[in-house]
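Visitor: I would like to learn how to read a model like this one, feature by feature. Could we take the general idea each time and then turn to the case at hand?

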Amino acid sequence: MGQGAGAGRVVVVMGVAGSGKTSVGRLLADALGLPFAEGDAFHPAANVAKMSGGTPLDDTDRRPWLDAIGEWIARAAGQDGCVVSASALKRVYRDRLRAAAPGVVFVHLTGERSLIEKRLAERTGHFMPAALLDSQLAALEPLQEDEAGAVVDAAGPAARTAERAVAALRALGADR
């Protein structure tokens, strides 16, 4: 697909830490000819400090983060569209993003716990410690049938996962 193929389309690549949201999101954005934003960049400093210290965020902590992402995707939806990575673990978080950009489609990256743990252990330079994986898995509410999106296996290289994501979006008619 060339530039503009995803005009107005907003895709949120979601999942727990270590599922590959950033790597896959960048590749997916390239494939769709859309800008990409790393959802972690929208966190207020207080959230980063809290997570760096090993404390999970609560719903109150996540509101300003979700609102900042929501503002960005709302602007992008009025233009060419975008791809953004965001854990979006709970339905209420996804509803908040949908309120900002009603046509948003979610790509939920999933993987075996052992795969996620391995990726987190190998990751360097990220504020999210592997110790918070349990809290993320406990909070995770998978996509429901009435939510626009697809579940994509994150096993293997990011490029292969991105290919599966493009195919899933194509099957939904959400690749343009």
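Guide: Let us begin with a strand, keeping in mind that this is a predicted model. In strand 3, G81, V83 and S85 point one way while C82 and V84 point the other way, and all of them are buried.

Visitor: How many residues of strand 3 are buried, and what follows for its surroundings?

Guide: Five of the five residues of strand 3 are buried, so the strand is largely enclosed by the rest of the structure.

Visitor: In what order do the strands of the sheet lie, and is the pairing parallel or antiparallel?

Guide: As a general idea, strands of a sheet pair through backbone hydrogen bonds, in either the parallel or the antiparallel sense. Here five strands form an open sheet in the order 2-3-1-4-5, and the pairing is parallel. The edge strands are strand 2 (36–38) and strand 5, each of which pairs on one side only. Direction ignored, neighbouring strands of this sheet are turned by 20° against each other on average.

Visitor: Over how many bridges does strand 3 pair with strand 2, and over how many with strand 1?

Guide: Strand 3 pairs with strand 2 in the parallel sense over three bridges, and F36 stands opposite V83 in strand 3. With strand 1, the parallel pairing runs over five bridges, and C82 in strand 3 is the bridge partner of V10.

Visitor: Which strands does helix 7 lie across?

Guide: Helix 7 lies across strand 1, strand 4 (105–110) and strand 5, and it runs at about 155° to strand 5. One residue of helix 7 (residues 158–172) is A171, which counts as exposed at 72% relative accessibility. A171 and A150 are 21 residues apart in sequence, and their C-alpha atoms are 9.3 Å apart in space.

Visitor: Turning to another helix, which residues of helix 3 are buried?

Guide: The general idea is that an α-helix has 3.6 residues a turn, so residues three or four places apart point the same way. In helix 3 the buried residues are D61, R62, W65, L66, I69, G70, I73 and A76. What covers these buried residues includes strand 1 (9–14), helix 2, strand 3, helix 4 and helix 6.

Visitor: How far does helix 3 reach, and what caps its N-terminal end?

Guide: Helix 3 has 19 residues and reaches 25 Å from its first C-alpha to its last, which is close to the 27 Å expected at 1.5 Å a residue. Its N-terminal end is capped by D58, of which a side-chain oxygen lies 3.1 Å from the backbone nitrogen of T60.

Visitor: How many salt bridges does the structure hold, and which side chain meets D61 in one of them?

Guide: In general, side chains of opposite charge can pair when their charged atoms come close. The structure holds ten salt bridges, and in one of them the side chains of D61 and K50 meet, at 2.5 Å from N to O. D61 lies in helix 3 (residues 59–77) and K50 in helix 2 (residues 45–52), so this pair ties together parts that are eleven residues apart in sequence. D61 counts as buried at 16% relative accessibility, whereas K50 is partly exposed, with a relative accessible area of 27%.

Visitor: Which residue forms a salt bridge with D59?

Guide: D59 forms a salt bridge with K90, and their closest N and O atoms are 3.1 Å apart. This pair links distant parts of the chain, with D59 in helix 3 and K90 in the loop between strand 3 (81–85) and helix 4 (91–100), 31 residues apart. At 30% relative accessibility, D59 counts as partly exposed.

Visitor: What else is there to read in the loop between strand 3 and helix 4?

Guide: A88 lies in that loop, and its phi is near 45°, a positive value in a residue other than glycine. At 0% relative accessibility, A88 counts as buried.

Visitor: Which residues are linked in a network of salt bridges?

Guide: The network of salt bridges links R91, R94, D95, R98, D146 and E147. D146 forms a salt bridge with R91, with the closest N and O atoms 2.9 Å apart. The two lie in distant parts of the chain, D146 in the loop between helix 6 (133–139) and strand 5 (149–153) and R91 in helix 4, 55 residues apart. D146 counts as exposed at 57% relative accessibility, whereas R91 is buried, with a relative accessible area of 17%.

Note on methods:
Residues are numbered from 1 along each chain as its sequence is written. This is a predicted model: local features need pLDDT of at least 70, side-chain atom pairs count only at pLDDT 80 or more; totals for chains, interfaces and linings use all residues. Side-chain values use heavy atoms; hydrogens and water are left out. A salt bridge is a side-chain nitrogen of Lys or Arg within 4 Å of a carboxyl oxygen of Asp or Glu. Helices (H or I, at least four residues) and strands (E, at least two) are DSSP runs, numbered from the N terminus. Buried means under 20% relative accessible area, exposed over 50%, partly exposed in between (1.4 Å probe, protein chains only). The expected span of a helix is 1.5 Å times one less than its number of residues. Contact means heavy atoms within 4.5 Å. A polar contact is a pair of N or O atoms within 3.5 Å; within protein, one must be able to donate a hydrogen and the other to accept it, and residues adjacent in sequence count only if both atoms are side-chain atoms. Two strands pair if DSSP finds at least two bridges between them. Axes are lines fitted to C-alpha atoms, for helices over the stretch in contact, and angles run from 0 to 180 degrees between N-to-C directions.
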